[in-house]
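Visitor: I am a first-year student, and I would like a close look at a single part of this model. Could you take one helix, show me what it packs against, and then follow the chain outward from there?

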Amino acid sequence: MSEKVSIGDRVVAAGFAAGWALVPLLPWRPTAAVFRLMADRVWRGRGKSVRRLESNLARVTGLDAGSAELRELSRAGMRSYFRYFHEIFRLPRMDRDEIVRRTHVTGAEHIHDTVASGRGVVLALPHMGNWDQAGAWLVAVGHPFTTVAERLRPESLFRRYVAFREGLGMEVLPLTGGDGHNFGTLATRLRRGGVVCLPAERDLTRSGVEVRFFGAATKVPAGPPLLAVQTGAALLPAVVYFDGDDWGIDIHEEVPVPAEGTRQEKVAAVAQSLVDVFEKGIAEHPEDWHMLQRLWLEDLSR
């Protein structure tokens with residue numbers, strides 16, 4: 001059966017196609033200004049996604065709902081979100097040396113040393129900054145990796161996103177609609193000493209692990225902690241953010257796997273330790289946390 005594609009989906013897909021085709025041909029500063037203007041327009045409209053962003057940021061920062069401070073933070077958040085899209089349209093034509101030069105990384109030795117020792121690495125990231133740029137940096141410094149991508153609609157947009165990421169040097173597995181063996185493929189890559197990168201603070205499968213995150217219950221993907229428990233790979237939390245016109249990546253020390261307990265207990269403990277690190281990074285760069293969806297369990301029930 002053919003996919004039913006709405007007019008809205010077609011417009012979005014056409015917009016992305018035009019972005020990858022045209023934005024790299026135009027000067028950076030004027031196009032960046034256009035994306036900021038688009039972000040401000042969406043922010044002023046205060047639609048569902050903006051209201052959800054503000055609700056999430058209020059929980060993270062403790063700012064009062066409706067306060068001027070929260071509104072300014074959500075404006076910065078929407079500008080950060082639109083900056084991500086502006087940059088991914090330019091990224092395929094960006095020189096790798098420039099990507100490396102403009103990426104300011106702390107903790108890169110955690111990746112380099114672990115891979116050099118023959119162990120695999122699971123890099124787990126929250127949805128922050130420009131995670132595709134961070135992936136381009138990782139490939140440029142010698143660590144091609146495997147990731148899993150949410151299947152977007154329409155299918156043409158998903159294929160463009162996959163082609164974009166594969167063009168940067170990533171191996172991309174679809175979250176759904178593939179051969180159903182994603183975990184086994186990821187585990188194989190890790191047991192061979194490879195690198196896997198996965199978003200890790202929003203569960204899209206309804207089979208996640210419950211954790212406490214900024215004082216309330218939510219579920220996070222089981223994949224990253226389970227891969228660490230099952231394969232012995234090092235689970236490294238990474239926080240990605242914008243650093244002026246450049247990019248910042250903080251790669252933290254390995255999350256330890258408890259020596260005792262059942263597999264379920266170990267996965268739960270690792271997941272909680274992981275989001276504890278995410279909390280600190282998000283609190284330091286809340287404007288770069290692109291969470292425009294419901295996340296906490298009490299919000300999902302409403």
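Guide: What follows looks at one helix and its two partners, and then at some places elsewhere in the chain. Please keep in mind throughout that this is a predicted model.

Let us begin with helix α1, which covers residues 7-22, and with helix α4, which covers residues 68-90. Two packed helices are described by the angle between their axes and the distance between the axes. For α1 and α4 the angle is about 55°, and the axes are 7 Å apart. The angle is neither under 35 degrees nor in the range 65 to 115, so α1 is oblique to α4. The crossing of these two helices, α1 and α4, is right-handed. On the side of α1 the contact is made by Phe16, Gly19 and Trp20, while α4 contributes Phe85, Ile88 and Phe89. Sorted by class, the residues of this contact between α1 and α4 are 5 nonpolar and 1 polar, with no charged residue. Ile88, from the α4 side of the contact, also belongs to the largest nonpolar core, which has 89 residues, and is one of the five that touch the most other members.

The second partner of α1 is helix α8, residues 155-167, and here the axes come within 9 Å and cross at roughly 25°. That angle is under 35 degrees, and α1 and α8 are therefore roughly parallel to each other. The crossing of α1 and α8 is left-handed, whereas that of α1 and α4 is right-handed. In this contact Val12, Ala13, Phe16, Ala17 and Trp20 of α1 meet Ser156, Leu157, Arg160, Tyr161 and Phe164 of α8. By class there are 8 nonpolar residues, 1 polar and 1 charged in the contact of α1 with α8. Phe16 and Trp20 take part in the contact with α4 and also in the contact with α8. An α-helix has 3.6 residues a turn, so residues three or four places apart point the same way.

Ser156 deserves a separate word, since its place is in helix α8 and its relative accessibility is 29%, which means that it counts as partly exposed. Just before helix α8, in the loop between β3 and α8, we find Pro154, and the peptide bond from Arg153 to Pro154 is cis, with omega near -5°. Most residues other than glycine have a negative phi, and most peptide bonds are trans.

With that in mind, consider two residues whose phi is positive although neither is a glycine: Arg46, with phi near 45°, and Phe214, with phi of about 50°. Arg46 sits in the loop between α2 and α3, and because its relative accessibility is 35%, it counts as partly exposed. Phe214 lies in the loop between β6 and β7, and with a relative accessible area of 16% it is buried.

Finally, let us return to the largest nonpolar core, where the residues that touch the most other members are Ile88, Leu123, Tyr161, Phe213 and Trp289. Tyr161 is a residue that we met in the contact of α8 with α1. Trp289, leaving aside neighbours within four places in sequence, is in contact with residues that include Leu53, Leu57, Val60, Met128, Phe213 and Ile282.

Key: Residues are numbered from 1 along each chain as its sequence is written. This is a predicted model: local features need pLDDT of at least 70, side-chain atom pairs count only at pLDDT 80 or more; totals for chains, interfaces and linings use all residues. Side-chain values use heavy atoms; hydrogens and water are left out. Axes are lines fitted to C-alpha atoms, for helices over the stretch in contact, and angles run from 0 to 180 degrees between N-to-C directions. Helices (H or I, at least four residues) and strands (E, at least two) are DSSP runs, numbered from the N terminus. Angles under 35 degrees count as roughly parallel, over 145 as roughly antiparallel, 65 to 115 as roughly perpendicular and the rest as oblique. A crossing is left-handed if the near helix is turned anticlockwise from the far one by less than a right angle, and right-handed if clockwise. Contact means heavy atoms within 4.5 Å. Ala, Val, Leu, Ile, Met, Phe, Trp, Tyr, Cys and Pro count as nonpolar, Asp, Glu, Lys and Arg as charged, and the others, Gly among them, as polar. A nonpolar core is a set of buried Ala, Val, Leu, Ile, Met, Phe, Trp, Tyr and Cys residues joined through side-chain atoms within 4.5 Å. Buried means under 20% relative accessible area, exposed over 50%, partly exposed in between (1.4 Å probe, protein chains only).
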